[in-house]
Structure formats: structure tokens, C-alpha cells
Amino acid sequence: MDKGQKFYITTPIYYVNARPHIGHAYTTLVCDAIARRKRLLGYDTFFLTGTDEHGQKIERSATAAGTTPEKFADEVSGEFRSLFERMNISFNDFIRTTEPRHKEGVQELWKRLEAKGFIYKGTYTGQYCVFDELYVDAVGPGAPCPECGRPTETVSEENYYFKLSEFADKLLQYYQKNPSFIRPESRRNEVMAFVKSGLRDLSISRSTFKWGIPVPGDPKHIVYVWLDALSNYCTAVGFGSKNPDEQKRFERYWPADVHMIGKEIIRFHCVYWPAFLMAAEMPLPKAIVAHGWLLFEDNKMSKSRGNIVRAETVIDVLGNDALRYFLLREIVFGQDGSFSFDALVQRYNSDLANDLGNLSSRTLTMINRYFNGSIPYPSPLVAKKESDGVIRDHALNVIAEFNQLFDEYQFSKALETAWTLVGACNKYLVDEEPWLVAEQEGEEKKSRLATILYTACEALRIVTALAHPVLPDATAKIWHQLGLGDITRFDLSDLKWGQLPLGGKLGKVEPVFPRADKSVVERMQQMEQERSPKAPDVQQSSAPATQAGNGTVAGQPVAQVVPQAVTQAAAGPASGAPAPKATPAATDGKITIDDFMKVEMRVGEVKFAEKVKGADKLLRLEVDIGTEVRQVVAGIAISYEPEKLIGRKVVIVANLAPRKLRGLESNGMIVAASFGEDGKPVLASFLEDVPVGSKLK
Ligand code: MSP
């Protein structure tokens with residue numbers, strides 16, 4: 001490598017319709033670890049992240065939240081940024097697609113594509129998936145999106161098209177010639193099969209909503225959100241800028257070395273993006289690397305499933321390094337992997353508190369005690385044993401293997417390899433018993449003690465340097481304790497055995513990973529519960545469980561089902577139920593129309609339903625409400641078989657704060673009548689077909 005060679009790495013830019021969770025944190029911290037390693041190796045590294053803020057999905061989410069897209073985007077983008085700052089993510093830039101620099105660049109790219117003859121105007125009539133922001137030509141009206149299974153909308157509009165069909169052969173040739181362009185191999189095969197099946201021209205503008213970047217010369221159209229979003233990788237480093245310094249920056253860093261993405265957005269990155277760049281005659285990124293999903297309770301962690309864990313919870317209790325180490329060590333990169341608090345704490349205690357923490361504190365404490373805090377001289381001749389050489393050779397192998405594995409994105413194996421040295425070294429200390437050697441008299445014993453502790457200390461230094469990109473905080477502390485100063489100034493490309501300065505003074509020795517006791521898991525679970533916003537009063541009125549028609553169904557609290565009594569409240573509560581607290585009566589127990597209008601009811605479609613384990617009356621539903629799929633826990637099991645509900649339209653109160661039931665987050669209520677002694681629920685339904693997402697008023 002030439003010293004100072006550039007390395008440019010990007011995360012996907014995150015949609016601002018959902019708050020950040022550890023799924024987002026995962027992509028970002030993987031990139032952070034790679035960026036930190038490249039910096040240590042001497043690369044001029046540029047690490048980009050940011051937020052994707054345009055499109056119908058965001059516009060609708062903002063409307064649903066009762067605010068403007070601008071304010072909504074500011075708020076959620078701010079949350080991503082401050083989370084990444086808290087996580088000590090070493091990004092060099094955080095781009096927002098609502099920034100003027102980005103708009104300029106996108107319009108410039110559009111003009112280039114147009115000037116080269118790859119854009120034309122046509123009319124599209126067909127299905128559109130708002131969730132994926134994707135035209136789905138292959139399906140008919142009313143059919144679900146083949147990508148995500150959500151309902152599509154029929155649209156007919158005049159659009160600009162990109163001549164994607166002209167790029168199938170060029171792309172295939174490119175994939176063939178550049179086998180490491182798409183990684184891992186399985187994803188490359190997937191993409192090649194997709195392109196081989198033929199490419200159709202791509203609609204790259206929309207005119208039915210406003211929240212986006214205007215098409216140059218035709219501002220009633222806005223640029224397709226994926227063309228807008230993908231361009232961020234260029235616009236952030238100066239593409240389209242009139243400023244000469246920015247132009248130089250673009251020359252310096254483009255093309256990106258790595259676009260890191262989740263597996264669900266491969267097509268956009270591996271087909272559309274390279275085709276746009278080929279058309280604009282711009283260099284292609286060197287590699288697109290796809291990772292798997294983080295699962296929680298066996299499902300992809302996502303807002304709509306309500307099974308997210310926030311990074312802040314782990315950071316608050318165990319610190320940044322614990323989260324980073326766990327995700328990189330536990331998950332086989334490229335595959336899906338499960339997150340659980342138990343596994344996190346177990347991994348933390350065994351690998352960090354016990355293995356590395358122990359090696360560091362016992363070695364450094366003994367150097368303090370027996371050598372007055374100075375790195376001892378290992379005797380080159382006397383008092384050497386074979387076991388010392390075994391540790392040295394082990395360390396040399398680990399350096400070579402770790403480098404190779406890490407650079408092939410096999411983070412888990414790389415860490416496992418490094419930890420074999422930690423384990424071997426802890427065993428070496430147990431076998432060599434330096435504490436007993438210290439009690440024996442004579443120069444030779446002193447030399448032996450020096451050799452043992454030097455050997456352990458040198459192995460510790462090597463693991464610390466290798467692990468720094470993954471454990472930046474703890475390794476920085478250990479490096480200081482080793483008396484080596486600022487670890488970020490170390491040249492990792494030069495790492496070898498024997499660099500520990502003999503006689504060097506240790507810094508203050510302190511434990512780095514305090515052990516986590518059992519209560520830590522409970523604390524994190526509790527924090528997650530408390531962090532989910534509380535349900536408003538209307539949900540929490542504690543009406544007796546047996547009362548039918550007043551907000552409880554068959555013993556379940558109000559949050560699961562809204563009996564029609566609630567929907568009828570504008571005309572006065574049926575069956576004499578008290579008015580819910582959140583909608584105070586105007587007079588005589590009645591509420592005003594304004595109060596009623598606060599309740600947002602929408603038509604949803606049940607996509608999935610199952611019984612909740614251990615709860616006879618509860619079903620867990622996944623309900624599509626047009627803008628997203630919500631998880632709702634509903635007390636309707638006594639009336640409905642889960643399988644029979646799939647595909648059924650229901651009415652959902654969409655603006656309720658989520659709450660947990662039997663450990664599951666319920667995001668909204670299903671409206672149902674409730675009658676009889678046991679409060680048998682009957683779902684509200686329509687005689688006519690009503691599109692998903694329609695509002696009730
Ligand atoms: N805005 C688009 C990307 C545009 S890039 C030009 C987008 N945004 S997203 O917020 O929905 O997802 C961004 C990334 O977050 C995913 O590609 C993935 O890397 C990460 N993840 C979101 N949920 C995740 C998990 N549950 N698990 C792992 N990664 C996840 O797609």
C-alpha cells in the first residue's frame with residue numbers, strides 16, 4: 001500500500017421515517033470498525049453516513065405525525081446523528097439528502113444522463129409500492145408487492161424513464177470481469193441471475209407528490225427517491241459542486257472503495273447505481289458488500305414488527321465496546337444473526353471481562369508489583385523456555401490470520417483468532433505461575449519472571465492493536481496503561497513481535513471491563529420497556545375486565561381492541577360507558593368533534609396472524625396500514641382463527657402510542673364491537689372494498 005492512499009467507505013443513508021435501532025447501528029459500526037482499521041494502517045480514510053429524507057413514505061409519515069416533512073426529517077435525522085455521535089462513530093461526513101449540496105449534485109447527474117441520451121418521457125400505468133418506493137410492473141391491480149408483500153397502489157402518470165434495458169449486457173460483463181464487485185459471492189449470483197432475466201427501463205421521476213428534488217427544467221416532476229438517494233455517495237464528496245476545492249475532493253475520493261449495505265437493498269446498489277454511473281460515464285464503486293439482518297425474537301428487527309432494541313440501552317449499561325464486540329463477534333457477517341440480551345451479557349463476561357480484561361489486569365498488575373511499573377527485559381539467553389516461543393509464534397500467526405480474515409469481512413473469525421492468543425496467554429500465565437517464580441530468590445528467577453511478563457505483555461499489546469477498530473475505547477485505555485500513548489497514532493501495518501519498549505513505564509493500571517452481574521439483563525429489558533412511549537390515558541383507563549362495550553374485551557385491557565363504543569363516542573358512548581379520559585367531555589359526557597378528530601382511524605389489511613403463546617384471548621397481527629406494516633396485539637382470539645384473518649380488512653386506531661402486552665409491542669388498536677357476557681369481539685368491517693390506508697372520519 002502507498003502511504004496515504006485513499007479509502008472511501010459508505011453506509012446506506014437511513015430513512016427518516018423510523019427512529020434508529022441497533023439494526024441501523026450494526027451497519028454503521030461495521031463501517032466504523034473498517035474505517036478505524038484503515039486509518040491505523042495509514043490510509044487517508046473518508047467515512048460517510050447520513051439520512052435519506054425524500055419520498056412519499058416520508059411525506060406520509062410526516063402527515064401522519066401531524067407535521068411537515070421538513071420538521072419531521074430534521075428531528076429524525078438529528079436522532080440518527082446524535083446516536084452515531086454517542087456511539088463514537090468516526091464518520092467524516094453526515095449527508096442529508098435535503099441539503100443544497102446534494103440537490104445540486106443530483107440535478108447535475110440528471111443533466112448528464114439526459115445529455116447522454118439515457119432519459120426519455122413516457123407514461124406509466126401500473127402498480128407502485130410506496131414502502132419500497134418501487135414500480136412493480138410484473139403485478140396486476142390489487143396484487144401485493146413481490147419484494148415486500150405489502151399492497152401496491154395503481155398509478156398512472158407521465159414519467160421520465162432511464163434506459164436501464166440498455167445496460168444488462170454491460171452490467172453482466174462488468175460483474176464477470178470484477179468478481180469482487182459484489183460480496184459475498186451468494187449475493188453476486190443473485191444479482192447476476194436478476195440481470196440475466198432481463199432489465200426494463202426504469203421510471204426515475206414522480207409527479208403525484210412534492211417531497212423531493214425537482215427535475216431540472218421540469219419542476220412539476222421530482223427525481224425518483226432511489227436516484228436521489230444513491231447519488232449521495234457522490235454528492236457528499238463534492239460531485240456537482242462549483243467550488244474547486246469540492247471538485248478536488250471528488251477527484252480524490254471517488255470512486256468509493258466500499259458501499260456497505262443490508263441485503264434488502266442489493267438491487268438498487270448493484271444494478272441501478274452502476275447503470276446510472278455507466279450512463280454518466282463515471283467510475284463505479286470498487287465493492288458493494290451486503291450484510292444480513294439482525295433478528296430479535298426470530299424476526300428482522302424493524303419498527304413495523306415492533307421488535308426493535310435501541311443501541312442506547314446497551315451503551316448505557318455495558319458501553320459502546322460491548323455492543324460493537326458482540327455484534328462483530330457473534331454474527332457471522334453476511335448472514336442473519338440474532339440479538340439477545342442474554343447472549344450479549346454472556347459474551348461480554350466471557351470474552352471481555354474474563355479473557356481480555358483478566359489478561360490485561362493480571363499482567364500489568366504484576367509488572368507494577370514486581371518491576372515497579374517498568375516493562376521488564378526478557379533475557380535473550382538464560383531463563384528462556386519453549387513456551388515463550390510458542391506464544392511468540394502464536395502471536396505472529398494471529399497477526400497474519402487476523403489481517404486476512406478482517407479484510408475479507410470475516411470479523412467473527414478474525415476476533416475468534418485474536419482471542420485464541422488471549423486464551424493461550426492466560427493459560428501460559430497459569431502454567432508458568434509468575435506469582436510463584438516471584439517468590440523465589442536469585443538472578444535467574446528474576447530473569448524468568450521478566451521473560452514471562454514481557455511475553456504476556458507483548459501478546460497483550462498485539463491483541464490490543466488488532467482489536468482496536470472493534471474495541472476503540474477499551475484498547476485506547478489498555479494502550480495508555482501499557483505506557484504507549486495514543487493508540488490512534490500507532491502504525492498497524494508495522495505490527496510485529498518485539499516492539500514493546502523495554503524499560504517503558506506503565507500508565508495507571510485500572511480494570512477495563514468490570515464484570516456484569518445477572519441483574520444487567522433485567523435492567524436492559526426494563527429500559528427497553530420504559531423507553532417505548534407510554535400509551536395515552538384513553539388506552540390505560542382501567543375499566544373492570546368483565547365490562548363489555550366500554551373498552552375492554554374479554555378480560556383484555558383496552559389497548560388491544562377498540563370496541564365500537566369508542567368509535568361511536570362522538571354521538572355519545574353506547575352502553576353508558578364513561579368517556580375515555582384522553583377525550584374529555586365537552587358537556588354531559590359528550591366530546592367535541594375536535595376531540596374525536598384526534599383519533600386517527602385507518603383501514604388496514606391483516607398480513608399475518610398468530611396466537612400469542614400463553615394468552616388464550618390474544619392474537620399477534622401484522623397489519624398493513626398503507627404507510628407501513630404494524631404489529632398489533634388484539635384480544636380477539638375467542639372469535640377468530642388466526643389463519644382466517646389473513647387478507648381481511650380491519651379498522652385500526654393508528655395514532656396510539658405503542659404499549660407492551662405479554663412482552664410484545666402493540667402499535668395501535670383494532671376496532672371491534674363487543675357484546676354478551678364474555679365481551680365477544682366482532683371486527684368492524686365494510687360492505688364495499690376500501691383501499692388500505694383510507695382514513696375513517
Ligand atoms: N434509505 C434506504 C437506503 C438508501 S442508500 C442510498 C434504506 N434505508 S433504511 O433505513 O431502511 O435501511 C438502511 C440500512 O439499515 C439497511 O440497508 C441495513 O443496512 C440497516 N438495517 C435496518 N434494519 C436492520 C436490521 N434489522 N438488521 C441489520 N441491518 C438493518 O434502505
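Colleague: At what distance from an oxygen atom of the ligand does a polar side-chain atom of Glu264 lie?

Modeller: This is a predicted model, in which local features need pLDDT of at least 70, side-chain atom pairs count only at pLDDT 80 or more, and totals for chains, interfaces and linings use all residues. Residues are numbered from 1 along each chain as its sequence is written, and side-chain values use heavy atoms, with hydrogens and water left out. For Glu264 and the ligand oxygen, a polar contact (a pair of N or O atoms within 3.5 Å), the distance is 3.1 Å.

Colleague: Which residue has a side-chain N or O atom 2.8 Å from an oxygen atom of the ligand?

Modeller: Ile13 places a backbone N or O atom 2.8 Å from a ligand nitrogen. The side-chain atom 2.8 Å from a ligand oxygen belongs to Thr27.

Colleague: What share of the ligand's exposed area does the protein bury?

Modeller: Alone, the ligand exposes 660 Å² (Shrake-Rupley method, 1.4 Å probe). Of that area, the protein buries 94%.

Colleague: How many residues of the shell around the ligand are charged?

Modeller: The shell has 24 residues (a heavy atom within 4 Å), with Ile13, Thr27, Asp52, Leu294 and Met301 coming nearest. Twelve are nonpolar and nine polar. The charged ones (Asp, Glu, Lys and Arg) number three.

Colleague: Which residue in β17 is the bridge partner of Leu294?

Modeller: The strands (DSSP runs of E, at least two residues) β16, β15 and β17 form an open sheet in that order. Strand β15, residues 294–296, pairs with β17 in the parallel sense over two bridges, and pairing requires at least two. The partner of Leu294 in β17 is Gly337.

How values were computed: Helices (H or I, at least four residues) and strands (E, at least two) are DSSP runs, numbered from the N terminus. A polar contact is a pair of N or O atoms within 3.5 Å; within protein, one must be able to donate a hydrogen and the other to accept it, and residues adjacent in sequence count only if both atoms are side-chain atoms.
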